[in-house]
Amino acid sequence: MDNKAKDLYLDLLKKTLSFSLWPEPPIPVKDFHRKKKTPKRFLLSIVSGILNKTKYQLVRRRDFATQDRADGKVWPGYADTMIGLRRLDNLQRCIETVIADGIEGDLVETGVWRGGACIFMRAVLAAHGVKDRKVFVADSFEGLPRPDADRWPADRGDTQHTRSYLAVSREEVEKNFKRYSLLDDNVIFLEGWFKDTLPAAPIGKLSIMRLDGDMYGSTMDALTNLYPKLSSGGFCIIDDYALESCQKAVDDFRQQHGIAAKMEAIDWTGQYWRKE
Ligand SMILES: C[S@@+](CC[C@H](N)C(=O)[O-])C[C@H]1O[C@@H](n2cnc3c(N)ncnc32)[C@H](O)[C@@H]1O
């Protein structure tokens, strides 16, 4: 692929994966329910159930500011990634840097949701004709874990496990890869809780590790199991540094391991550093 065509393909893909090309359509009410039922949600689900038997549908308006979507500040209804354009740009820059500098290793994202950022990782490799690096796609595919406050006190009270919106099945993520014609043998799914899958993951060296598991435990499990595999010159990207629990895990890990490499801000929440 010539450079201009490659840049255009990747630019289009970032806008498509983040649904930035279009205004956000309203979403069916049933699609945004949390597991926890309130009287209002219960009533809405009854009305929506009745309407679903007709040609009408109950929807909820979602008027996002364009900038908020670019900044990955919203939970989108239709996008394949929620990380926004700035963090996709950063991911592209990091991958292109490790390719250009010959930094060895595969790529991993821990916490993939609908798979958009991993699809983009695979696309950047494909656009550069790279065939010898894998993309590891690590997720429970059933949402976030219940907090384990004995092990990770910083996660005490975390309620994200109740959000069905964050639970996307493996089948759905595979389907999303296929929609972009990017599912092949170089995409490896690590299905299960990070604490179980990451210690035994068939990963040798990594050049990119992108952490997006929100919680202290999810971030710490990823750092503990994967950071030793990150090549020197590889990138560690943190999606959720704006979340207190994630930030604490990162700060604790960096302090415990004497990591002095400067952290750079990507946007209001994304941070990354290059391993020395
Ligand atoms: C905010 S979403 C990830 C967003 C995604 N990176 C994107 O591009 O839109 C968080 C994801 O992390 C997963 N997750 C969080 N903690 C986990 C854990 N300990 N084990 C497995 N999956 C986890 C959830 O299932 C969810 O898919």
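A polar contact is a pair of N or O atoms within 3.5 Å; within protein, one must be able to donate a hydrogen and the other to accept it, and residues adjacent in sequence count only if both atoms are side-chain atoms. The model is predicted, so that local features need pLDDT of at least 70 and side-chain atom pairs count only at pLDDT 80 or more, while totals for chains, interfaces and linings use all residues. Residues are numbered from 1 along each chain as its sequence is written, and side-chain values use heavy atoms, with hydrogens and water left out.

**Stop 1: the ligand**

Select the ligand and then Gly111: a backbone N or O atom of Gly111 lies 2.9 Å from a nitrogen atom of the ligand. Add Phe194, where a backbone N or O atom is 3.1 Å from a nitrogen atom of the ligand. On Met82, look for a polar backbone atom, which is 2.8 Å from an oxygen atom of the ligand. Widening the selection gives 21 residues around the ligand, a residue being near a molecule or strand if one of its heavy atoms lies within 4 Å of it. The closest are Thr81, Met82, Asp139, Asp212 and Ser218.

**Stop 2: the largest pocket**

Pockets and cavities are found on a 1 Å grid over the protein atoms alone: a cavity is a set of points where a 1.4 Å probe fits but cannot get out, and a pocket is an open set with protein on both sides within 12 Å along at least five of seven lines; lining residues have an atom within 4 Å of a point. Grid points are joined across faces, edges and corners, and a volume is the space filled by probe spheres set on the points.

The largest pocket holds about 790 Å³ of space. To find its centre, select Leu144, Asp212, Gly213, Asp214 and Met215, the closest to that centre of the 44 lining residues. Next colour the helices α5 (116–127), α7 (194–197) and α8 (216–226), each of which supplies at least two residues of the lining. Helices (H or I, at least four residues) and strands (E, at least two) are DSSP runs, numbered from the N terminus. Helix α8 gives the most, with three residues. By class, the pocket lining has 18 nonpolar, twelve polar and 14 charged residues; Ala, Val, Leu, Ile, Met, Phe, Trp, Tyr, Cys and Pro count as nonpolar, Asp, Glu, Lys and Arg as charged, and the others, Gly among them, as polar.

**Stop 3: the cavity**

One cavity of 30 Å³ or more is counted. The largest cavity has a volume of about 50 Å³. Select Ser18, Arg69, Gly72, Val74, Pro76, Thr81, Met82, Ile83 and Gly84 to display its lining. This lining comprises four nonpolar residues, four polar and one charged.

**Stop 4: salt bridges**

The whole structure contains 21 salt bridges, each being a side-chain nitrogen of Lys or Arg within 4 Å of a carboxyl oxygen of Asp or Glu. Burial is given by relative accessible area: buried means under 20%, exposed over 50%, and partly exposed in between (1.4 Å probe, protein chains only).

Begin with Arg87 and Asp267, whose side chains meet in a salt bridge at 2.7 Å, N to O. Arg87 belongs to helix α4 (residues 84–101) and Asp267 to the loop between β8 (264–265) and β9 (271–274), 180 residues apart. Both are buried: Arg87 has a relative accessible area of 2%, and Asp267 one of 16%.

Then select Arg210 and Glu109, which form a salt bridge with closest N and O atoms 2.8 Å apart. Arg210 lies in strand β6 (residues 206–211) and Glu109 in strand β3 (residues 106–110), so the bridge ties together parts that are 101 residues apart in sequence. Arg210 is buried at 0% relative accessibility, as is Glu109 at 1%.

For a third pair, select Lys195 and Asp196, which meet at 3.5 Å, N to O. Lys195 is partly exposed, at 43%, and Asp196 is partly exposed, at 48%. Finally, display Arg87, Glu109, Arg210, Asp212, Asp239 and Asp267 together: salt bridges that share partners join them into one network.

**Stop 5: two loops**

Ala79 lies in the loop between α3 (66–70) and α4 and is buried, with a relative accessible area of 0%. From Ala79, measure to Asp196: the two are 117 residues apart in sequence and 29 Å apart in space, C-alpha to C-alpha. End at Lys53, in the loop between α2 (39–52) and β2 (59–60). Lys53 is exposed, with a relative accessible area of 75%. Between Lys53 and Asp71 there are 38 Å in space, C-alpha to C-alpha, and the two are 18 residues apart in sequence.
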